[in-house]
Structures are given as C-alpha cells and as structure tokens.
Amino acid sequence: MQYKNGMPIAIIGAGISGITTAQILKKNGFQAVIFEKSEKIGGVWAVTYANIHVQNTREQYHLSDFPWPFTPDLHPTGEQVLNYWGQAVNHLKLDVRLNHEVIELKETEDGWLLRYKNQEGVHEELFGYVVISVGLFTQGKSQPALPGIEDFGGKIITERDVHTLDIFDNQRVVIVGFGKTALDMATLAAKQGAQVNHVFRTPRWHVPEWILGVHYTYPLFSRFGTVMLTSWAHPTAIERFLHNRLGFIVSGFWDLVASIFRFQVQRNVSGKSQAAQGRINAAQPDHKLLADFGSGTGVMPEDYYPFIAEGKISPHRAELSGFSPEAVKLKNGCEIPCDLVVLSLGSQTPIFPFLPDKYRKMLETEPDGVQLYRHLLHPRIPGIAFAGFNHGFMHVPAVEIAAQWLCAYLRGELELPSSENMEKSIEYIRQWKRANMHFKPAQSCAVNARFQQYIDILLKDMGVSPYRKLPNIFAEIFGRYQPSDYLGVWEEYNHNKKSRSTPLHPLPLDT
C-alpha cells in the first residue's frame, strides 16, 4: 500500500503526540484529522491524578514554534498543560474530532477505511494513511489478583482514582510500587497528614530535581550529559569510540553521579536516629544507576526522602502476598493495617483493538511493548505509522522530528531499507533494552534518556544538522537543549532538498 498524494491522513488519539504530529503534517501540506474517543484532548493528562506536574520544565515542554502563551509554573501543572495544548489546537486550527471513537480499520487498495462511532452513530471514512497515537500510559492500570482481596474492608484504588487529595485525609494508607507515580502518591498522602506505608519490591533510581544546586535539566539535557549515556546507537565516531574503547570512563562517570545522588539522600538523616538511617537505606537502590534510565525513570519528589527520614513515610522492601479484612499482607510475614491501598504498578502494554487481528498479533505479543523501526514504523504493516512510541525525556521535539521524517518518507524523499533489515534493527534494539534496562511494560515504546541520540540520527537521516547551537561550541556541548533549538528544522530540510536529485536513505544505525 503506497500513500497517494492528496489523500487525508487520520490520527488516532488527541494526546500530546497526536496533536504534535498533526501540526507537523499540516505544516508539510498534508490534511490531518485527529480522532479522539473522549470528550477532552490531552491523552493521559486528561485522566491523571490531582496535583500532578510536568517533570520537565516549561522550557522543555512545548511545540518548537508555539511557545507558552502564558507563564506557567517552572514545572507546569496538569491544568496548565491542558490549557496550553487546547490553545495550541485553536491557534494551529487543527481538525480535532472529540467523542469520535475509532472502532475498526479496514485495509483497502487506496488506504484505510476507518470506522468510528460518535453520538450520531457509526460512520466510515477513507484515509490514505493512518497515524496511531493512542499513548503508552492510557491503557488499563496493572492490578494483580491477590488472595483475600474480596474480603478487604478498606478501599483499593489506582492513582487515576485520586481526583482530590482529601481522599488521604485521616487515612491509614498503603502505597504499592516504586515508579514516579507511587512516589508522588506517598508524598502527597504524607502531606495530607495520612499514616503512610510504602511497599515496593525493589527501590529504583529516580533523578533529583536539583543536583548539587543545579536543576537536573542542565546536566542531563546537555549534549555532554547525553553523550555519556550508554545506548543502542551512537551517531558519531567519537561517541562510538568513547563507549566501545573507553567504557571505564563512562561507567566511572555514572558511578560518580550515583554517589552524588546518594550523598544528597544521606543528608536527610544527618544527626537523626539509627531508625531513620534504616528507613533511608530501605528506600535506596543497590544496583547501578543506568539500568533504571528507561521509560519509567522520573524526577524524585523533593519531600519523599525527607518524609522517610522524619518517619512520615514508612518504607517496606517486600512484596504483597494478599489481604486480610483489615490489612495488607506481605511475603515477609508482616501485616499492615490500612484503610486505603493505592496500587501504582504502572500501565499495561499498549493494545490496538481497532486493527485487523493479523496486525494486532505483530504489535501486542511482546511483554515490553512494540518495538518499531525508528520507533515509528512496523515493516510488515503498510500505511500506518505510530506517534509517541518514541517517548523520552524531551518528548515533544522527538515527536516533531519523527513526524518530519515521516513526511519525507510519505513524499518519496526518503527510501526505507528492506523489511528484513528493518526487522533486524528492531530486534537489535529490543534485545539491547532487555539486556541493559530493568523491565517496564512499555520500554520498547520509548527512547527515554537516549533522546539526543535518537533525534540526532533522524535529523541526519534527513540531511539536517543535529547540532542546533553551533557555531557556539561551548553552548553545543554544555548548553541545555530544548524545543526552541529545533525551530527551523522544517525550513532547513526544505532548503536542502532543493539541491538533491535522488531520495535520501536512513543511516545504517539502529534507533
């Protein structure tokens, strides 16, 4: 199935990735229509918990050519995020159809016949291409079936049920999990004066907002910080030499970073009791830092470790084994009396119920989600791309660049490798992630902290310079990258293509 010029493109999902992709498609002259099954745009931001903030700063979280039209918090709130993207949709005049649920895609010679339902009934519309942007974290939440759960007299919820923080007032609360959401839940509950017990199997590394007084985005969003990261692909010979021949420097660097993180945590128990030290030790990871730099890595809530030191949060390194009428049971034999249990165990892997069964089998069989070529295409599924399955620390620019790459492909300006070679690339990345990162249900659908390597390779694929801060070499190496640095990519690509007479080909690098 080849895309036919002039035919409209359907985007399924009006989350951040769907809106960003629609904007780039429109900028490139394509007609894009966004179908959203709910009554709101925003994807996961429309269903998230109370008092949530963006982990990135406002400078890292906007479209490259549409800055914030108002001044949000340094880490914008969920309400501010939804406000921004609502204004972006209106400003860019995007065609977003709310309460339009896609229920089936039928493959045709001309593209995809899209069946959807709305308040008026079921309808069909033909599209030349489809971009799936259903999100990594909008699926159902993981809720294990445990013995005694039906007899428990308290309430069992997930973070999506926390619409107001007064749900924690005067409650004995157990939080389960150690992802970013679980840490937020434990901290927010403690702030409400609840008696909080935090249960987790393994503590994970999360990034402190401030590293020796410097906001984490400055070291981690600079090229120097990203070059030091191990990755499935390194776009330059210097980076490959560093990681292949001088790995001891890389590992030593991250051991130093980990020691700084530990030092900052230990300051919370200075002058405190042995019991406080024991609580802090229980909530600190024993493994290497880089193994946790994946799709689930978050920014550590500022008050989490201080609350542990003060005894406001009691950590338990153990697994749930079941429930009694008044308590949760742990595998170490302990029981914790409680009124409210919050299961923050992550989202299930993405599913695609509207696709034909043969394609669903290709996409839904892996426990860690679907791995795609360039985190964008499946070589055996024609006429479909995926947006947002390159989730990372600087998500919006990654989606923008991937969408521009897709436009080049749709216009025939970029030719793909063979299906066999794309599948080899996919399998290599999947296995690298499994070998080097702790398991997450959607880790294959993310570039995580390797966003710079990913963006650099896609830009090079398109013949566009990835070095957006030159000629200032110091800024290029140590400056914090942000969406505004990628303003002008579209113009540069279109300028460069005037001098080309043959299609581009992706670099022989896996990403």
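Is Thr-187 buried or exposed? I opened the notebook with this residue, working from a predicted model.

**Entry 1: Thr-187**

I found Thr-187 to be buried, because its relative accessible area is 4% and the cut-off for burial is under 20%. I then looked up the element that holds it, and Thr-187 belongs to helix α3, which covers residues 180–191. I next followed the side chain of Thr-187 and noted that it reaches the backbone oxygen of Leu-183 at a distance of 2.8 Å.

Which residues does Thr-187 contact once its neighbours within four places in sequence are left aside? I listed Pro-301, Asp-303, Tyr-304, Phe-307 and Ile-313.

**Entry 2: Glu-101 and its sheet**

I turned to Glu-101, which has its place in strand β4, residues 101–108. I recorded Glu-101 as partly exposed, because its relative accessible area of 29% falls between the 20% and 50% limits.

I checked the strand pairing next. Strand β4 pairs with strand β5 (residues 111–118) in the antiparallel sense, and I noted 7 bridges between them. Within β5, I identified Lys-117 as the bridge partner of Glu-101. Lys-117 also appears among the contacts of Glu-101, together with Lys-37, Arg-115 and Tyr-116, when residues up to four places away in sequence are not counted.

In what order do the strands of this sheet run? I read the order as β4-β5-β6, an open sheet of 3 strands with antiparallel pairing. I marked β4 and β6 (121–127) as the edge strands, each of which pairs on one side only. From one strand to the next, I noted an average twist of 20°.

I also looked up one separation along the chain. Glu-101 and Pro-503 are 402 residues apart in sequence, and their C-alpha atoms are separated by 37 Å.

**Entry 3: Aromatic pairs**

How many aromatic pairs does the structure hold? I noted 27, and I examined two pairs in detail.

I began with Phe-293 and Phe-393. Their ring centres are 6.3 Å apart and their planes meet at 55°, so I entered the pair as tilted. I located Phe-293 in the loop between α8 (274–282) and β14 (299–300), and Phe-393 in the loop between β21 (391–392) and α11 (395–410); the pair therefore ties together parts that are 100 residues apart in sequence. I found Phe-293 buried, with a relative accessible area of 1%. Phe-393 is likewise buried, with a relative accessible area of 13%.

I then took up Tyr-481 and Tyr-486. The ring centres of Tyr-481 and Tyr-486 lie 5.7 Å apart with the planes at 40°, so this pair is tilted as well. I recorded Tyr-481 as buried at a relative accessible area of 0%, and Tyr-486 as buried at 3%.

Which residues do ring pairs link into a cluster with Phe-293 and Phe-393? I wrote down Phe-224, Phe-253, Trp-254, Phe-474 and Phe-478.

**Entry 4: Charges over rings**

I closed with charged side chains placed over aromatic rings. The charged end of Lys-433 sits over the ring of Trp-232, and I noted 5.0 Å to the centre of that ring. I also noted that the charged end of Arg-480 sits over the ring of Tyr-218, 4.2 Å from the ring centre.

Notes: Residues numbered from 1 in each chain as written. Predicted model: local features only at pLDDT ≥ 70, side-chain atom pairs only at ≥ 80, totals over all residues. Heavy atoms only, no water. Helix = DSSP H or I, 4+ residues; strand = E, 2+ residues; numbered from the N terminus. Buried < 20%, exposed > 50% of the residue type's maximum accessible area, 1.4 Å probe, protein only. Polar contact = N/O pair within 3.5 Å; in protein donor to acceptor, adjacent residues only side chain to side chain. Contact = heavy atoms within 4.5 Å. Pairing = 2+ DSSP bridges. Axes fitted to C-alpha atoms, helices over the stretch in contact; angles between N-to-C directions. Phe/Tyr/Trp six-rings, centres within 6.5 Å; stacked < 30°, edge-to-face > 60°. Lys NZ or Arg CZ within 6 Å of the ring centre and 35° of its normal.
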